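Q: Let's zoom in on one part of this model and take it slowly. I'd like a close look at the charged side chains and who pairs with whom.

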Amino acid sequence: MTRVAIVHGDGIGHEVVPVAEKALQVLHPEYEYFSVDVGFSRWQETGCPCGDSDIAALKSADAVLFGAITTPPMKDYQSVILRIRKALDLFANLRPVKDGSFDIMIVRENTEGLYSGIEEITKDRATTLRVVTKRGTERIVKKAIDIALERDGLLTIGHKANVLKSDVFFRDICIAEAKAAGVEYEDKYIDALSLDVLQHPGHYNVIVTSNIFGDILSDVASYLVGGLGLVPSANIGDHFALFEPVHGSAPDIAGKNLANPTAALRSAAMLCTYLGDPVGGERIEAAIRRVVSSGVKTRDLGGSAGTKEFGQSVINLLTS
Ligand code: NAD
């Protein structure tokens, strides 16, 4: 039996994930759904944000639907989502940003770079090691090349090789792999790329970049489609997969029925496709489009529908 782990996490994760879970349950009542409670609230209650048994539970699932987890900027607190991505070796973070006139897939390296976790704070200095390995770069660029070839389009390599030697290394490996695969490619500095993607989104197809640059670029690019409430993501490895909105736990709106559940619903759509049901994935996408074009919108898109009302409208279409 197909097993799907459900992680609400913190903040608006408790509001948007139930909507996305409901959509999955409508399309796939035959799956087994089970909850895994990890995150900052759990740390506050128990002192443990995510234990080894939670990682084992996530690994036992065929796919994970994940909300968001609060990561307070505290010296002794380790990010739970970073731990999960590393433990499940979810090396590719796929973040699609698309609308009628553009369709961009941001492919972010998800396990190393500036999020290596190799850090030290002393009285006078703080250091974070930016780790870029040959294996890590080869596997992420190969993933990006496969997607670019499937879509028969351009691969853009985003880096900061003018300043960072680690990105000379990253860029050169990416270019060598792109040449070997015969894919059309270009490389751009990430700062200029971040502006150009807003000015000329139709130029871009697949963008491959390192961990922190991909994190920032996808938040920036979400502006093109209406903000963070809209953009889903897939975290993919060789053995596991986890689907989550690009947004975080949004403490400023948590518990107020204000969050847009679209990013979570689209993450569920990506999960459906991953589990072999692209038709179900497209049904979720189509239902979202129909609800929005009927004028039911959440506050971030200028409407007045709450999380629950918007979510219910999507579910109604899926059940009809
Ligand atoms: P955020 O994405 O939570 O929120 C940024 C802004 O976007 C806020 O104004 C928020 O209200 C808005 N927003 C986000 N999602 C929305 C939605 N679905 N509908 C409407 N508006 C939405 O980012 P942040 O405020 O920088 O971070 C908050 C917490 O989330 C932090 O603790 C951070 O570490 C964590 N975070 C977690 C993840 C993750 O678990 N993968 C990702 C990013 C941030």
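To start with, is Asp215 buried, partly exposed or exposed?

A: Asp215 is partly exposed, with a relative accessible area of 21%. On that scale, buried means under 20% relative accessible area, exposed means over 50%, and partly exposed is whatever falls in between (1.4 Å probe, protein chains only). Before going on, the ground rules: this is a predicted model, so local features need pLDDT of at least 70, side-chain atom pairs count only at pLDDT 80 or more, and totals for chains, interfaces and linings use all residues. Residues are numbered from 1 along each chain as its sequence is written, and side-chain values use heavy atoms, with hydrogens and water left out.

Now for the partners of Asp215. Its side chain meets that of Arg95 in a salt bridge, at 3.4 Å from N to O; the term stands for a side-chain nitrogen of Lys or Arg within 4 Å of a carboxyl oxygen of Asp or Glu. Because Asp215 sits in helix 8 (residues 211–221) and Arg95 in strand 4 (residues 92–99), this pair ties together parts that are 120 residues apart in sequence. Helices (H or I, at least four residues) and strands (E, at least two) are DSSP runs, numbered from the N terminus. Arg95 has 2% relative accessibility, so it counts as buried.

Asp215 also meets the side chain of Arg108 in a salt bridge, with N to O at 3.7 Å. Arg108 belongs to strand 5 (residues 102–109) and Asp215 to helix 8, so here the parts being tied together are 107 residues apart in sequence. Arg108 comes out at 0% relative accessibility and therefore counts as buried. Elsewhere, Asp89, Arg135 and Arg139 are joined into one network by salt bridges that share partners.

Another pair to pull up on screen is Glu244 with Arg85, whose side chains form a salt bridge at 2.7 Å, N to O. That one links distant parts of the chain: Glu244 is in strand 12 (residues 241–245) and Arg85 in helix 4 (residues 80–87), 159 residues apart. Both Glu244 and Arg85 are buried. Under the same distance rule, the count comes to 18 salt bridges.

While you're around strand 12, have a look at the loop between it and helix 9 (262–274), where Ala250 lies. Ala250 isn't a glycine, yet it has a positive phi of about 40°. Asn257 lies in the loop between strand 12 and helix 9 too, and has a positive phi of about 60° despite not being a glycine. Its relative accessibility is 23%, so Asn257 counts as partly exposed.
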